[in-house]
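Let's take a friendly walk through a protein model, one part at a time. Keep the picture open as you read.

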Amino acid sequence: MSKLAHCKLTKRRLETNFDFEASLRALKSRLSSKYGCITLMALLFLSCDNNAVFSEYRSVDGEWDKDERINFTFQPEDTVSINQLYLHVRNTNEYEFSNLYLIATLNAPDGLVVTDTLQYEMAKADGTWLGSGFTDVKENKLWYKQNITFKKLGEYTIEVGHAMRKNGEVAGITGLKGITEVGFSIEKAPN
């Protein structure tokens with residue numbers, strides 16, 4: 001069989017096994033539906049984050065111990081850019097509280113140490129979670145520091161621990177349930 005005959009035969013087989021125009025029509029009808037367009041736009045929006053400089057997550061094994069510090073280490077790209085720092089918390093319905101207290105410590109390469117006690121609302125008054133997500137895991141993107149310029153190049157470390165306790169009790173909660181992951185991210189501030 002000549003190459004030309006083989007190509008024609010192959011083309012004929014493709015035409016009989018795959019209807020390109022029908023597939024294109026089906027794709028167009030899916031995208032023309034309201035949900036298809038919304039899904040496509042959401043995927044495009046979520047996949048394009050040009051401002052992200054750093055982003056990492058650490059899993060919490062079952063319960064977050066009151067003495068456990070979750071660490072993130074990073075090296076800034078420059079000493080000029082203005083950055084936004086965020087903490088990320090993923091929680092499930094096992095989380096028993098409507099707020100979250102965190103202790104965050106930023107260690108700079110020049111020895112400067114800055115510790116902040118942070119409080120975040122995690123649920124509305126009616127118990128509805130404030131985070132985003134379609135499943136029982138909710139993602140909370142929480143402001144940590146705004147408009148930060150890293151003055152020195154080198155290795156920085158963020159240490160995050162929880163400071164949760166029940167009302168009227170002095171001792172902290174030993175094993176905090178319902179937190180599945182803690183993250184830290186840096187984004188360039190919009191111009």
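## A sheet of four strands

In this predicted model, four strands form an open sheet in the order β1-β10-β4-β7, and their pairing is antiparallel. At the edges sit β1 (52–59) and β7 (138–148), each of which pairs on one side only. On average, neighbouring strands of this sheet are turned by 15° against each other, direction ignored.

What holds such strands side by side? Strands of a sheet pair through backbone hydrogen bonds, and the pairing can be parallel or antiparallel.

## Inside the sheet: β4 and β10

Try finding residues 83–91, which make up strand β4, and residues 179–188, which make up strand β10. These two strands run antiparallel and are joined by nine bridges. For one pair to look up, start at Asn 91: its bridge partner in β10 is Ile 179.

## A hairpin: β5 and β6

Now move to strand β5 (residues 99–107) and strand β6 (residues 113–121), an antiparallel pair joined by nine bridges. Asn 99 stands opposite Glu 121 in β6.

How many residues lie between the strands of this hairpin? There are five, and in this hairpin Gly 111 takes a positive phi near 95°.

## The second largest pocket

The second largest pocket holds about 200 Å³ of space. Its lining includes Leu 106, Ala 108, Asp 110, Leu 112 and Val 114, along with Lys 145, Ile 148, Phe 150 and Tyr 156. Which kinds of residue make up the lining? Seven are nonpolar, one is polar and four are charged.

Note on methods: Residues are numbered from 1 along each chain as its sequence is written. This is a predicted model: local features need pLDDT of at least 70, side-chain atom pairs count only at pLDDT 80 or more; totals for chains, interfaces and linings use all residues. Side-chain values use heavy atoms; hydrogens and water are left out. Two strands pair if DSSP finds at least two bridges between them. Axes are lines fitted to C-alpha atoms, for helices over the stretch in contact, and angles run from 0 to 180 degrees between N-to-C directions. On a 1 Å grid over the protein atoms alone, a cavity is a set of points where a 1.4 Å probe fits but cannot get out, and a pocket is an open set with protein on both sides within 12 Å along at least five of seven lines; lining residues have an atom within 4 Å of a point. Grid points are joined across faces, edges and corners, and a volume is the space filled by probe spheres set on the points. Ala, Val, Leu, Ile, Met, Phe, Trp, Tyr, Cys and Pro count as nonpolar, Asp, Glu, Lys and Arg as charged, and the others, Gly among them, as polar.
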